[in-house]
Amino acid sequence: MHEFTYVAPSSVEEIVQFLAQHREKARPFCGGTDILVQMRSGVRRPSYLLDVKTAPETRLFEFDPAKGLRIGAAVPCADVSADPAVRRYYPGLAEAANLIGSVQIRNRASLGGNLANASPAADTVPALIALGAKAVLRSVQGQREVPVEGFVTAPGRTILNADEVITEFVIPPPQRGGADAYLRFVPRNEMDIAVAGVGVFVKMEGQRCVEARIVLGAVGPTQIVASEAMAYLRGRTLNEGVVSHAAELAAQAASPIDDVRGTREFRRHLVAVLTRRSLLAAAKRAQANQS
Ligand SMILES: Cc1cc2nc3c(=O)[nH]c(=O)nc-3n(C[C@H](O)[C@H](O)[C@H](O)COP(=O)(O)OP(=O)(O)OC[C@H]3O[C@@H](n4cnc5c(N)ncnc54)[C@H](O)[C@@H]3O)c2cc1C
């Protein structure tokens, strides 16, 4: 690996000052599970690696039933998936965070890194989009809060400027009758990336779905919001036929590639299966959340 300088800032202010000075020469990192692999293979050659997690603001973890969830960008996925409030109120996010790599990887890997790495197969991104999460970005110019939806613009590309850092994620409060779920398919039990992944959120009134969000991963250059399937579900009773039709609409929204890990047809089929299963799982949870 090339030589670089490791920097351990003690605040977000220090991070943004450093980024403003060194811009593309510096790279913020959290767990290092993506960037170190990329540096070893020569794909990235930053002069400075800026350790985001040494700034305490990026380790924040707060839940308030009225305000929602705030998770620091550097909080390890193992902590996210083990947190009682996340498991109770955002089980789909817990499921996604719990699928990343292995125990060792999850103790390093963060939500910030998963999003900023901008892989179409990133597991927590569809789950965050389904929940309507926003990312908080800081630079010396100030702070902006942007939806996770639309953050990734192409594989490896995002809306993040060279002088910006993700400090935290803000997730809306849990809704009565609402729940999420995340499912993916991999050929192995773990240590593999998704061939397809689906994150959903549904809000139920009795058997009727009043709101639905369906987000597909690994079946397009970026995460795909299956808007037609979402519109179809709104106002309908979630029976087997309706859920299966929504799953077919979601499969049509996918734009997968053929590669060694799966053909286009297989990935579309997976989207239908995963959408159907995740909708049924989320609907069951949502119904239990109605009282
Ligand atoms: C063995 C193995 C298995 C894996 N399995 C999975 C899997 O199943 N599912 C999955 O989705 N991923 C998987 N990954 C990929 C990786 O672990 C995840 O993407 C992880 O969430 C990255 O988080 P990190 O904190 O380690 O990122 P880092 O490596 O620290 O950073 C990744 C990228 O994001 C940028 N970045 C990091 N933090 C910030 C920030 N706060 N602000 C701005 N930019 C930032 C970095 O500059 C870098 O470009 C795996 C990786 C390995 C090595």
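A residue counts as buried here if 20 or more other C-beta atoms lie within 10 Å of its own. Keep that cut-off in mind for the tour. The model is predicted.

**Stop 1: the whole chain**

Show the protein chain as a cartoon. You should find eleven helices and 14 strands. Along its principal axes, the C-alpha trace spans about 60 × 45 × 30 Å. The radius of gyration is 19 Å, which agrees with the value near 19 Å for a compact globule of 291 residues. Now colour by burial: 49% of the 291 residues count as buried. Contacts reach far along the sequence too. Among contacts with a separation of 6 or more, 65% link residues 24 or more positions apart.

**Stop 2: strand S13**

Select residues 208–217, which make up strand S13. How many of the ten residues are buried? Seven are, so strand S13 is largely enclosed by the rest of the structure.

Add residues 196–205, strand S12. S12 and S13 run antiparallel and are joined by nine bridges. Pick Phe 201 and you will find Arg 213 of S13 opposite. The two strands form a hairpin with two residues between them. In that turn, Gly 206 has a positive phi of about 65 degrees.

Go to the other partner, strand S14, at residues 224–225. S13 and S14 pair in the antiparallel sense over two bridges. Leu 216 stands opposite Ile 224 in S14. This hairpin has six residues between its strands, and Ala 218 in the turn has a positive phi of about 70 degrees.

**Stop 3: the four-stranded sheet**

Zoom out a little. S13 belongs to an open sheet of four strands, in the order S11-S12-S13-S14, with antiparallel pairing. Which strands stand at the edges? They are S11 (178–185) and S14. Each has a single partner strand, so one side of each is left without a neighbour in the sheet.

Next, select helix H11, residues 264–288. H11 lies across S11, S12 and S13. Its direction is at about 35 degrees to S12.

**Stop 4: the largest nonpolar core**

In soluble globular proteins, nonpolar side chains tend to be buried together. Here the largest nonpolar core has 95 residues. Select Leu 93, Val 202, Leu 216, Ala 250, Val 271 and Ala 282, which touch the most other members. Which helix gives the most to this core? Helix H11 does, with nine residues. The core also draws at least three residues from each of domain 1 (1–119 + 134–171) and domain 2 (178–288).

Centre on Leu 93. Leaving out residues up to four places away in sequence, Leu 93 touches Val 80, Val 86, Thr 124, Ala 127, Leu 128, Leu 131 and Asp 180.

**Stop 5: the three-stranded sheet**

Finish with another open sheet. Its three strands have the order S1-S3-S2, and the pairing is parallel. Select S1 (5–7) and S2 (26–29), the edge strands, each pairing on one side only. Neighbouring strands of this sheet are turned by 25 degrees against each other on average, direction ignored.

Add strand S3, residues 48–51. Four bridges join S2 to S3. Look for Ala 26, with Tyr 48 of S3 opposite. Last, show helix H1, residues 12–22. H1 lies across S1, S2 and S3, running at about 150 degrees to S2.

Definitions and conventions:
Residues numbered from 1 in each chain as written. Predicted model: local features only at pLDDT ≥ 70, side-chain atom pairs only at ≥ 80, totals over all residues. Rg over C-alpha atoms; globule rule 2.2 N^0.38 Å. Buried ≥ 20, exposed ≤ 12 C-beta atoms within 10 Å, placed from the backbone. Contact = placed C-beta atoms within 7 Å. Core = buried A, V, L, I, M, F, W, Y, C linked by C-beta atoms within 7 Å. Domains from an automatic or database assignment. Pairing = 2+ DSSP bridges. Axes fitted to C-alpha atoms, helices over the stretch in contact; angles between N-to-C directions.
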